[in-house]
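I opened my notebook for a short round of looking things up. The entries below are in the order I made them.

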Amino acid sequence: MLHCNNLLLLIIVLFSFTAQGMISLDATQEINSAARDGDIATLTKLIEKHSKQIDQKTLTLALWHALDADQFESAEFLLTKGAQVNSFPNERQKTLYEYFSTNKFQLKQAIWLLQHGADPDLCSYNCATPLAS
């Protein structure tokens with residue numbers, strides 16, 4: 001059983017981690033919306049505002065939103081901020097390249113990803129590649 005001092009310390013540590021280490025769902029949604037809208041000015045402001053909390057996964061998810069909405073300028077900007085073309089937005093999802101290359105209506109996104117360093121042989125969570133899909 002935890003003593004009161006240990007419990008208080010645990011609460012303080014969890015609060016500081018949440019306050020400083022994680023970006024809020026609202027902020028993530030705002031970033032994704034700005035990426036989808038191609039609003040680089042708002043993207044810049046949001047990334048600066050949340051610079052201590054924003055991470056590569058947040059930027060990569062925003063990259064997915066930008067590409068999904070044909071906002072290639074936003075996608076370029078997100079790459080300069082740390083988004084990765086060879087990472088997974090979430091653990092149980094396909095790679096960005098796999099997602100876009102297997103959708104016949106979004107081949108220009110797959111080509112863009114290849115032009116920006118995407119590895120077409122990278123395995124997704126179930127180790128499938130686009131060529132095997």
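Is glutamine 109 buried or exposed? This is a predicted model, and in it I find glutamine 109 buried, because its relative accessible area is 1%, where buried means under 20%.

Next I looked up where glutamine 109 sits: it belongs to helix H7, which covers residues 107-115. Setting aside neighbours within four places in sequence, I noted contacts from glutamine 109 to Leu67, Asp68, Asp70, Phe72 and Phe100. With one of these, aspartate 70, glutamine 109 shares a side-chain polar contact of 2.6 Å.

Aspartate 70 led me on to salt bridges, and I count two. In one of them, aspartate 70 pairs with lysine 108, with 3.4 Å between the closest N and O atoms. Lysine 108 is in helix H7 and aspartate 70 is in the loop between H4 and helix H5 (72-81), so this pair ties together parts 38 residues apart in sequence. I checked exposure too: lysine 108 is partly exposed at 47% relative accessibility, and aspartate 70 is partly exposed at 37%.

Then I turned to aspartate 68, which forms a salt bridge with arginine 36, the closest N and O atoms lying 3.0 Å apart. The pair links distant parts of the chain, with aspartate 68 in helix H4 (residues 56-68) and arginine 36 in helix H2 (residues 25-37), 32 residues apart. For aspartate 68 I wrote down partly exposed, with a relative accessible area of 22%. Arginine 36 also goes down as partly exposed, at 29%.

Notes
Residues are numbered from 1 along each chain as its sequence is written. This is a predicted model: local features need pLDDT of at least 70, side-chain atom pairs count only at pLDDT 80 or more; totals for chains, interfaces and linings use all residues. Side-chain values use heavy atoms; hydrogens and water are left out. Helices (H or I, at least four residues) and strands (E, at least two) are DSSP runs, numbered from the N terminus. Buried means under 20% relative accessible area, exposed over 50%, partly exposed in between (1.4 Å probe, protein chains only). A polar contact is a pair of N or O atoms within 3.5 Å; within protein, one must be able to donate a hydrogen and the other to accept it, and residues adjacent in sequence count only if both atoms are side-chain atoms. Contact means heavy atoms within 4.5 Å. A salt bridge is a side-chain nitrogen of Lys or Arg within 4 Å of a carboxyl oxygen of Asp or Glu.
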